[in-house]
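This report describes the packing and the charged pairs of a single protein chain. The sequence and the structure are shown first, and the description follows.

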Amino acid sequence: MFQGASALTLDAKGRMSIPSRYREALQGQAAGRVTVTKHPDGCLLLFTFAEWESFRAKIVALPMDAHWWRRIFLGNASEVELDGTNRVLLAPELRKAAALDKEVMLLGMGACFEIWDAQTYAAKEQAAMTQEMPAALKNFTF
């Protein structure tokens, strides 16, 4: 399970270094192979190969009225291998879709990661904090 936030910088070629705390898991679970795809919230999703296979099976099984979601997730998926220095090359189309330029946030979301433009993420997080808490969280004790 992946969790936590990492502030990272894309290099000039659009490569992102994977933080050391996740490298062993990504190398072990996925032999360094990951899948990156677009998310409709404006970020990218990064999956290990096994988690991607499970997610992909769920997307493929969606009914026909969800075919645009299939296009968004599957049609934009890009398989990538970690390079020798544990970097992931994010495809230009995906960087453009998520408005990724230089400063990014990598968020561990359990089975996958989200990759956000740092400023976009900060603005969306701030907006979320000013909203009323969702009903699903109202019975939580903090």
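## Accessibility and the model

A residue is called buried under 20% relative accessible area, exposed over 50%, and partly exposed in between. At 46% relative accessibility, K138 therefore counts as partly exposed. The structure is a predicted model, and every value below is computed from it.

## Salt bridges

Side chains of opposite charge can pair when their charged atoms come close. The count of salt bridges comes to 6. K138 takes part in one of them with E132, at 2.6 Å from N to O. Whereas K138 is partly exposed at 46%, E132 is exposed, with a relative accessibility of 64%.

R33 and E79 form a further salt bridge, their closest N and O atoms being 3.8 Å apart. E79 belongs to strand β5 (residues 78-81) and R33 to strand β3, so the pair ties together parts that are 46 residues apart in sequence. E79 counts as exposed at 53% relative accessibility, while R33 is partly exposed at 32%.

R87 and D83 also form a salt bridge, with their closest N and O atoms 2.8 Å apart. Both residues are partly exposed: R87 has a relative accessible area of 22%, and D83 has one of 25%. They are also members of a network of salt bridges that links D11, R15, D83 and R87.

## The largest nonpolar core

The largest nonpolar core holds 23 residues, and M16, V88 and I115 have the most contacts inside it. At least two residues of this core come from each of β1 (2-9), α1 (20-30), β3, β4, β7 (103-110) and β8 (112-117).

What surrounds V88? Not counting residues up to four places away in sequence, V88 touches G14, R15, M16, I18, V34, V36, L46, V80 and L82. One of these contacts, R15, also belongs to the salt-bridge network with D11, D83 and R87.

## Helix α2 and the second core

Apart from the largest core lies another, of 7 residues, among them L45, W52, I59 and F73. Two of the residues named here, W52 and I59, are also buried residues of helix α2, as is F55. Seen down the axis of α2, the buried residues fall within an arc of 70 degrees, so they line one face of the helix. An α-helix has 3.6 residues a turn, so residues three or four places apart point the same way.

Helix α2 itself spans residues 49-60, 12 residues in total, and reaches 16 Å from its first C-alpha to its last, close to the 16 Å expected at 1.5 Å a residue. The cover over its buried residues includes β3 (33-38), β4 (44-48) and α3 (67-74).

## F73 in helix α3

F73 lies in helix α3 and counts as buried at 9% relative accessibility. Leaving aside neighbours within four places in sequence, F73 is in contact with T37, K38, H39, P40, L45, W52, F55 and I59. These contacts include W52, F55 and I59, the buried residues of α2. F73 and V36 are 37 residues apart in sequence, and their C-alpha atoms are 9.3 Å apart in space.

## Two buried loop residues

H39 is located in the loop between β3 and β4. Is H39 buried or exposed? H39 is buried, with a relative accessible area of 19%. The side chain of H39 reaches the backbone nitrogen of D41 at 2.9 Å. Beyond neighbours within four places in sequence, H39 is in contact with L45 and F73, both of which are members of the 7-residue core.

P19 sits in the loop between β2 (15-17) and α1. At 13% relative accessibility, P19 counts as buried. With residues up to four places away in sequence left out, P19 touches S6, L8 and L106. P19 and S6 are 13 residues apart along the chain, and their C-alpha atoms are separated by 7.5 Å.

Notes:
Residues are numbered from 1 along each chain as its sequence is written. This is a predicted model: local features need pLDDT of at least 70, side-chain atom pairs count only at pLDDT 80 or more; totals for chains, interfaces and linings use all residues. Side-chain values use heavy atoms; hydrogens and water are left out. Helices (H or I, at least four residues) and strands (E, at least two) are DSSP runs, numbered from the N terminus. The expected span of a helix is 1.5 Å times one less than its number of residues. Buried means under 20% relative accessible area, exposed over 50%, partly exposed in between (1.4 Å probe, protein chains only). The arc is that of the directions from the helix axis to the C-beta atoms. Contact means heavy atoms within 4.5 Å. A polar contact is a pair of N or O atoms within 3.5 Å; within protein, one must be able to donate a hydrogen and the other to accept it, and residues adjacent in sequence count only if both atoms are side-chain atoms. A salt bridge is a side-chain nitrogen of Lys or Arg within 4 Å of a carboxyl oxygen of Asp or Glu. A nonpolar core is a set of buried Ala, Val, Leu, Ile, Met, Phe, Trp, Tyr and Cys residues joined through side-chain atoms within 4.5 Å.
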